[in-house]
Amino acid sequence: MNIDEQECLAARLRACRERLGLTQRAVADRLGVPRSAVSGIEAGTRKVDSLELKALAGLYQRPVGFFLEEAAGHPSEPARLLRLYQCLAAADRTRLVEYAELLEIARTAHRFTVR
């Protein structure tokens, strides 16, 4: 993993932790590591081993690939959207589909008004 990939992984891990409202201390306690280890991981100065990443993915309610594919820049936008969709609760999936339908309606309406 090169430095850019490590920084991307670090940013994804930090964003997921913050989105869930967890502190670095809470994550460290769950992993059984010092808080400074979590801080180093999120800063990109400490590498994450595979077992730690598996534990973090479980804690953050994401598949391990969510972090690795993003870090490596592999998935296409539709694949990324599908993966994110699959991680959502049923009610959130419904809202996302409704929003996508609204965007399609707006795009279609805009196409007719621009001519």
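A residue counts as buried when its relative accessible area is under 20%, as exposed when that area is over 50%, and as partly exposed in between (1.4 Å probe, protein chains only). By that rule, 25% of the 115 residues of the protein are buried.

Before you start clicking, two notes. This is a predicted model, in which local features need pLDDT of at least 70, side-chain atom pairs count only at pLDDT 80 or more, and totals for chains, interfaces and linings use all residues. Residues are numbered from 1 along each chain as its sequence is written, and side-chain values use heavy atoms, with hydrogens and water left out.

**Stop 1: the whole chain**

Show the protein as a cartoon and follow it from the N terminus. You will pass seven helices and zero strands, in the pattern α-α-α-α-α-α-α. Helices here are DSSP runs of H or I with at least four residues, strands are runs of E with at least two, and both are numbered from the N terminus.

Now switch on contacts, meaning heavy atoms within 4.5 Å. Among the contacts with a separation of 6 or more, 54% join residues 24 or more positions apart.

**Stop 2: the nonpolar core**

Select L13, V27, Y60 and F67. In the largest nonpolar core, which has 16 residues, these four touch the most other members. Such a core is a set of buried Ala, Val, Leu, Ile, Met, Phe, Trp, Tyr and Cys residues joined through side-chain atoms within 4.5 Å. Colour the elements that give two or more residues to this core: helix 1 (3–19), helix 2 (24–31), helix 3 (35–43), helix 4 (50–59) and helix 5 (64–72). Helix 4 provides the largest share, four residues. In soluble globular proteins, nonpolar side chains tend to be buried together.

Zoom in on L13. Which residues does L13 touch, not counting those up to four places away in sequence? The list is I41, E42, V48, L53, L56, Y60 and F67.

**Stop 3: G40 and R62**

Next, pick G40 in helix 3. At 9% relative accessibility, G40 is buried. Draw a distance to A10: the two residues are 30 apart along the chain, and their C-alpha atoms are separated by 8.8 Å. Leaving out residues up to four places away in sequence, G40 touches T45 and R46.

Then move to R62, in the loop between helix 4 and helix 5. Is R62 buried or exposed? With 19% relative accessibility, R62 counts as buried. Beyond its neighbours within four places in sequence, R62 is in contact with C16, R19, A57, F67 and C87. Of these, C87 is 25 residues away in sequence from R62 and 6.8 Å away in space, C-alpha to C-alpha.

**Stop 4: salt bridges**

The whole structure has six salt bridges, each a side-chain nitrogen of Lys or Arg within 4 Å of a carboxyl oxygen of Asp or Glu. Here are three to select:

- E52 and R46: their closest N and O atoms are 2.8 Å apart. E52 is buried at 12% relative accessibility, whereas R46 is partly exposed at 28%.
- R17 and E18: the closest N and O atoms are 3.8 Å apart. R17 is buried at 8% relative accessibility, while E18 is partly exposed at 49%.
- R107 and E104: their side chains meet at 2.7 Å, N to O. The two residues are three apart in helix 7, so about one helical turn separates them. R107 is partly exposed, with a relative accessible area of 44%, and E104 is partly exposed too, at 38%.

Add E42 to your selection as well: salt bridges that share partners join R17, E18 and E42 into one network.

**Stop 5: the cysteines**

How many disulfides does a search of the whole structure find? The count is zero, a disulfide being taken as a pair of cysteine sulfur atoms within 2.5 Å. Two cysteines to look at are C8, partly exposed with a relative accessible area of 26%, and C16, buried at 3%.

**Stop 6: the surface**

Finally, turn on the surface. The protein exposes about 7700 Å², with carbon and sulfur atoms supplying 57% of it; accessible areas come from the Shrake-Rupley method with a 1.4 Å probe, and for residues only the protein chains shown count as cover.

Select L81, L88, L96, Y99 and L103, which form a nonpolar patch with about 440 Å² of accessible area together. Patches are made of residues with over 30% relative accessible area and no salt bridge, joining like charges within 9 Å and nonpolar side chains (Val, Leu, Ile, Met, Phe, Trp, Tyr) within 5 Å. Helix 7 (residues 90–114) gives the largest share of this patch, three residues, and Y99 lies in that helix.
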